[in-house]
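You asked for a short note on this model before the next group discussion. My comments are set out as numbered points, to be read alongside the coordinates.

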Amino acid sequence: MSGAPWNLKGRGVVAVYGGQEAGALMLVRYAQSGVGPYDELLWVSLRDKPQVTRNVVSTKESVVWGRRNWAIPKSRADFAWEGVPGREQVRVTQNGRLLAHLSVQAWGPSLPVTTAVVPAAWRTLTQPPLPEAEARESLLTTVSASGWVRPARLSVIGGDFHSALLERRPRLTAAVPDFQMVFPVPRVRPA
């Protein structure tokens, strides 16, 4: 059983994009989660309320429990990593199709960071019901995290994971070499 909450540990990169399709791309390698280690690439729309609109992960267990626990639209993909943390590339493919080929380069000192100073509304995901859900309510999940960040550069080499990636550069990119995060039991918002 892998119900909520999940206590996650890992590393990753966050790239924030502005414009009409404001959002954040996150590439994560979890060393620990409710379903064991896995990789993840996701897009969080920031247009209205934060919402995960696209998400691929490396394990079936993460797909099943992420959809069930938080209504996150996860699907399975393959991740191929090259290089070392802070200077690496990853290719993400699904059924033989390239979703993303990304290069990450981090530099400079790491600084501590926590979501405790971020308003809860800014870190609460509002996920509408998935097609397979029996209930028609949205789920609200207020995520908390802490760790270390450092400046980084994200280069999109190819893929069609999200149109914003090939059309413009991120406004801010941070490598997250070490973090802890809690995905709690969500609250229900009636339809």
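The points below go from the whole chain to single residues.

1. Status and make-up. This is a predicted model, and every value below is computed from it. The secondary structure comprises two helices and 14 strands.

2. Overall dimensions. The radius of gyration is 16 Å, which agrees with the value near 16 Å that a compact globule of 191 residues would have. Along the principal axes, the C-alpha atoms fill a box of roughly 45 × 40 × 35 Å.

3. Burial and contacts. Buried residues make up 45% of the 191 in the protein. Of the contacts between residues at least 6 apart in sequence, 59% join residues at least 24 apart.

4. Surface and charge. The exposed area is about 10,000 Å², and carbon and sulfur atoms supply 55% of it. The protein has 23 positive and 14 negative charges. The mean positions of these two sets are 4 Å apart.

5. The E3–E4 hairpin. Strand E3 covers residues 38–45 and strand E4 residues 51–57; the two run antiparallel and are joined by six bridges. Five residues lie between them in the hairpin. For anyone tracing the pairing on screen, Val44 stands opposite Val52 in E4.

6. The other partner of E4. Which way does E4 run relative to strand E5? The two are parallel, with three bridges between E4 and E5 (residues 74–76). Val57 has Arg76 in E5 as its bridge partner. E4 is thus described here with an antiparallel pairing to E3 and a parallel pairing to E5.

7. Helix H1. The buried residues of H1 are Ser62, Val63, Trp65, Gly66, Asn69 and Trp70. An α-helix has 3.6 residues a turn, so residues three or four places apart point the same way. When viewing the helix, it is worth colouring the buried set, which includes Ser62, Gly66 and Asn69.

8. The residue after H1. H1 is followed by Ala71, which is in the loop between helix H1 (60–70) and E5. Ala71 has a positive phi of about 60° although it is not a glycine. Is Ala71 buried or exposed? Its relative accessible area is 6%, under the 20% cut-off, so Ala71 counts as buried.

9. A second positive phi. Asn95 is also not a glycine, and its phi is near 55°. Its place is the loop between strand E7 (87–94) and strand E8 (97–106). With a relative accessible area of 81%, Asn95 is exposed. The two positive-phi residues described here therefore sit in opposite settings, Ala71 being buried and Asn95 exposed.

10. A cis peptide bond. The bond from Ala4 to Pro5 is cis, with omega near 5°. Pro5 belongs to the segment before strand E1 (6–17).

11. An exposed tryptophan. Where is Trp122? Trp122 lies in the loop between strand E9 (111–114) and strand E10 (124–127). At a relative accessible area of 67%, Trp122 is over the 50% cut-off and therefore counts as exposed. Trp65 and Trp70 of H1, by contrast, are among the buried residues. From Trp122 to Ala164 the C-alpha distance is 21 Å, with 42 residues separating them in sequence.

Technical notes. Residues are numbered from 1 along each chain as its sequence is written. This is a predicted model: local features need pLDDT of at least 70, side-chain atom pairs count only at pLDDT 80 or more; totals for chains, interfaces and linings use all residues. Side-chain values use heavy atoms; hydrogens and water are left out. Helices (H or I, at least four residues) and strands (E, at least two) are DSSP runs, numbered from the N terminus. The radius of gyration is taken over C-alpha atoms; the globule rule is 2.2 Å times the number of residues to the power 0.38. Buried means under 20% relative accessible area, exposed over 50%, partly exposed in between (1.4 Å probe, protein chains only). Contact means heavy atoms within 4.5 Å. Accessible areas come from the Shrake-Rupley method with a 1.4 Å probe; for residues, only the protein chains shown count as cover. Lys and Arg count as positive and Asp and Glu as negative; His and the chain ends are not counted. The place of a charge is taken as NZ of Lys, CZ of Arg, CG of Asp or CD of Glu. Two strands pair if DSSP finds at least two bridges between them.
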